[in-house]
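Trainee: Could we walk through this one together? I would like to practise reading side-chain environments.

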Amino acid sequence: MLHALRLKNFRCYKALNWQIPAEGALLLGRNAQGKTSLLEALCFALSLHTPRTGKLEHLATHGSSEFGISLSTDSGTRKVLWQQRRLTLSTDGHPCRDYGDYLTGAPPVVWLGNEDISLVTGGAEDRRRYLDFLGTQWHPAYRTALREYRKVLKGRNLLLRNPRHTPATLRSYAELLSRHGEVLMSLRHQLLALLQPHIRHFHSNISSKGEDITLTYRPSVQGSLSEALAASVANDERAGFTTVGPHRDDFDLDIAGAAAAEYASEGQQRTLATAMVLAQACVLQVETGHAPTLLIDDIFGELDPARRKALLAMLPEDSQIFITTTHLDWLGDMPSPLPVLTIDEGHIVQD
């Protein structure tokens with residue numbers, strides 16, 4: 001459970017000290033008041049990831065060169081400080097060696113937002129990001145393999161652009177890429193197998209239809225990654241980057257045997273994307289033994305009443321849930337499922 005959040009120079013929050021309700025909160029306010037930024041701060045403190053940007057400098061308040069987050073949880077206090085373009089991490093006052101050290105034992109978290117439709121309609125990068133966000137919370141080996149693979153990939157790409165590189169150095173990088181890449185591919189395959197039954201369950205319940213959902217892993221190589229890297233050297237040298245490997249993997253999403261991106265309606269696509277994120281929550285709860293924090297960014301106003309009611313009914317009872325919204329009309333005659341907090345120009349006002 002999350003207990004308290006402190007922010008310094010994070011997005012629109014110059015300073016914040018928030019005692020978090022045990023149930024979570026429904027964050028109400030006009031656009032651009034800081035609702036989503038609160039979810040983003042929670043997400044980053046728990047996962048060192050935000051779905052809104054890949055550049056840490058964008059998280060700092062305009063005009064500031066640093067930001068800080070402190071989050072108190074059942075498992076301790078986690079602190080993040082970004083200054084001088086460097087991230088410093090600690091848990092309970094103890095410095096962390098690296099990202100993996102910080103994330104070990106972190107409470108799991110899941111983000112649900114309107115942009116999730118890109119999991120169905122977007123490119124392979126969106127679906128890889130979905131797997132990696134889940135995988136790094138699910139399994140320490142996934143976290144290690146992904147971190148090392150990315151490090152080696154960056155080095156090999158730099159080497160490919162250096163005209164003085166040698167076949168021997170390329171082979172040494174390929175060996176490391178293969179070692180970490182094979183682990184990553186195997187774990188992604190396992191992860192999709194864990195996700196599929198949950199996705200089918202949620203999709204069926206939200207849509208009230210029994211359409212079959214199939215996920216099929218599509219690695220960029222068939223067979224040995226080591227052999228594929230050896231065979232692609234000439235292409236890689238011409239391109240100036242590594243053209244095969246897990247960084248180019250994807251998976252197919254089919255509804256009733258047809259590609260969801262091409263043949264499903266927008267309603268079906270949104271339902272499938274929502275089911276995919278709720279499935280993340282189930283996998284994390286089963287695999288870690290902890291109910292994940294749910295961060296739900298302004299989606300209920302976009303759903304029809306039947307899907308909205310079905311989704312509310314399926315949210316995990318044990319999770320702390322945070323929902324942003326610009327209005328409460330979508331609740332209709334229902335009482336708010338959470339304490340309502342109004343967000344106004346970077347300040348929290350409890351109703």
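Trainee: Is Phe 300 buried or exposed, and what is its relative accessible area?

Mentor: Happy to help, and keep in mind that this is a predicted model. Buried means under 20% relative accessible area. Phe 300 falls under that cut-off and is buried, with a relative accessible area of 1%.

Trainee: Which residue forms an aromatic pair with Phe 300, and is the pair stacked or edge-to-face?

Mentor: A search of the whole structure finds 7 aromatic pairs. In the pair that includes Phe 300, the rings are 4.8 Å centre to centre with 15° between the planes. Planes under 30 degrees apart count as stacked. The pair is therefore stacked, and the partner of Phe 300 is Trp 330.

Trainee: How many residues apart are Phe 300 and Trp 330?

Mentor: Phe 300 lies in the loop between E12 and H11. Trp 330 is in the loop between strand E13 (321–325) and strand E14 (340–344), and Trp 330 is buried with a relative accessible area of 5%. The pair links distant parts of the chain, and the separation is 30 residues.

Trainee: How are the rings of Trp 138 and Tyr 142 arranged?

Mentor: Both Trp 138 and Tyr 142 are buried. Their ring centres are 6.4 Å apart and their planes are at 65°. Planes over 60 degrees apart count as edge-to-face, so the arrangement of Trp 138 and Tyr 142 is edge-to-face.

Trainee: Asp 297 is in strand E12 (residues 293–297). Which side chain of opposite charge is nearest to Asp 297, and how far away is it?

Mentor: Asp 297 is buried yet has no salt bridge. A salt bridge needs a side-chain nitrogen of Lys or Arg within 4 Å of a carboxyl oxygen. The nearest side chain of opposite charge to Asp 297 is Arg 52, at 6.0 Å.

Trainee: Which side chains make polar contacts with the side chain of Asp 297?

Mentor: One contact, of 2.8 Å, is with the side chain of Thr 36. Beyond its neighbours within four places in sequence, Asp 297 also touches residues including Leu 39, Trp 111 and Asn 114. A polar contact of 2.6 Å joins Asp 297 to another side chain, that of Thr 324. The two partners are thus Thr 36 and Thr 324.

Trainee: What does the charged end of Arg 78 sit over?

Mentor: Here the partner is an aromatic ring. The charged end of Arg 78 is 4.9 Å from the ring centre, and that ring belongs to Tyr 102.

Conventions
Residues numbered from 1 in each chain as written. Predicted model: local features only at pLDDT ≥ 70, side-chain atom pairs only at ≥ 80, totals over all residues. Heavy atoms only, no water. Helix = DSSP H or I, 4+ residues; strand = E, 2+ residues; numbered from the N terminus. Buried < 20%, exposed > 50% of the residue type's maximum accessible area, 1.4 Å probe, protein only. Lys, Arg positive; Asp, Glu negative; His and termini not counted. Polar contact = N/O pair within 3.5 Å; in protein donor to acceptor, adjacent residues only side chain to side chain. Contact = heavy atoms within 4.5 Å. Phe/Tyr/Trp six-rings, centres within 6.5 Å; stacked < 30°, edge-to-face > 60°. Lys NZ or Arg CZ within 6 Å of the ring centre and 35° of its normal.
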